[in-house]
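Me: I'd like a close look at just one part of this model. Could you pick a piece of the fold and walk me through it?

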Amino acid sequence: MLLATFKLCAGSSYRHLRNMKGLRQQALMAISQELSKRALGGPTPSTWINQVRRRSSLLSSRLEESLYSDQDMAYLRQGEEAMQKALGILGNQDGWKSETERANGDKVMSKVVPDVGKVFRLEVVVDQPMERLYEELVERMEDMGDWNPNVKEIKVLQKIGKDTIITHETAAEIPGNIVGPRDFVSVRCAKRRGSTCVLAGMATHFGDMPEQKGVIRAEHGPTCMVLHPVTGNPSKTKLTWLLSIDLKGWLPKAIINQVMSQTQVEFANHLRKHLVSSSTSAVSC
């Protein structure tokens, strides 16, 4: 049985069978089931079984990669790179300077990072459990324009696997705002690590979303939001937002700094109002 299963799996490597994803998945499942049967049949798994398990694990990862195009794999790697870079910046506690701090404890800090530029860090505590924030910021990302007046629209252009998406975001045109219309095309990667959720992203190129006439294509640097329950009070969530943006065009640095910190503070305010409003509506129903 096991030999036949390996032949089935090997057959998926032939050119005329490469696109038969179901065949590859059935083969991997059959290998796993057969190995489990053999391992349970004796007192301990043999050396041969352990070797086959390691090889089948490697085979599984290679077959998983083959399910994606080269471009999709590039997006997956870019999303992971964005997450690692953003978390690396947040993890370095040196050099942060205060930009603004509110009476409710909300604060924005900034520092200059080599090869990235100036980044901004928002830290707030929200009176909602982490699952609620995850739902709004990740699962309902495309609805953000309904409650955040700084966002006109967020559209998911492509989903790759279970963690990675390509998005197009259009900033709202606010009267009196000297920053003209901007849009962004980004790769975003959302992952959960224990009780912590991380949503990271950075600018990317997507052929089906060229630059729009009259709109400046700005770029996100490595950016991320980190969510985790407040220690001792899981009904509240600590939200940390690392923001790195190249707005393009000609804008004085003083204006950029003001816009970035203001955007983060306003985001926290709008998010709180939306969460309270939606919770009230749910109770009324």
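What follows is a tour of one strand, its two hairpins and a pocket.

Reply: Let's take strand β2, residues 107-113. Before that, this is a predicted model, so local features here need pLDDT of at least 70, side-chain atom pairs count only at 80 or more, and totals for chains, interfaces and linings take in every residue. Residue numbers start from 1 along each chain as its sequence is written, and side-chain values use heavy atoms, without hydrogens or water.

For context, the chain has 6 helices and 12 strands (DSSP runs numbered from the N terminus: H or I of at least four residues, E of at least two). Of its 285 residues, 40% are buried (under 20% relative accessible area with a 1.4 Å probe, protein chains only; exposed is over 50%, partly exposed in between).

Back to β2. Of its 7 residues, 5 are buried, so β2 is largely enclosed by the rest of the structure. It has partners on either side in sequence. Going back along the chain, there is β1, residues 97-101. β1 and β2 run antiparallel and are joined by 4 bridges (for two strands to pair, DSSP must find at least two). Going forward, β3 spans 117-126, and 7 bridges join it to β2, again in an antiparallel arrangement.

If you want one residue to hang this on, try S110. Its bridge partner in β3 is F120, while K97 stands opposite S110 when you look at the β1 pairing. So S110 of β2 has a bridge partner in β3 and a residue of β1 facing it. In a regular strand, side chains alternate between the two faces of the sheet.

Each pairing is also a hairpin. Between β1 and β2 there are 5 residues, and G105 in that turn has a positive phi of about 100°. Between β2 and β3 there are 3 residues, with D115 in the turn.

D115 deserves a pause. Its phi is near 70°, a positive value in a residue that isn't glycine. Most residues other than glycine have a negative phi. D115 sits in the loop between β2 and β3, and with 88% relative accessibility it counts as exposed. Compare that with β2, where 5 of the 7 residues are buried.

What comes after that turn leads us to a pocket. The second largest one has a volume (the space filled by probe spheres set on grid points joined across faces, edges and corners) of about 420 Å³. A pocket here is an open set of points on a 1 Å grid over the protein atoms alone, where a 1.4 Å probe fits, with protein on both sides within 12 Å along at least five of seven lines; lining residues have an atom within 4 Å of a point. There are 20 lining residues, and V116, G117, K118, I245 and D246 are the closest to the centre.

Which elements give two or more residues to this lining? They are β3, β9 (219-220), β12 (245-246) and α6 (253-284). Helix α6 gives the most, with 4 residues.

By class, the lining holds 9 nonpolar, 6 polar and 5 charged residues (Ala, Val, Leu, Ile, Met, Phe, Trp, Tyr, Cys and Pro count as nonpolar, Asp, Glu, Lys and Arg as charged, the others, Gly among them, as polar).

To pull it together, β2 is paired with β1 through 4 bridges and with β3 through 7, and β3 in turn gives residues to the pocket lining.
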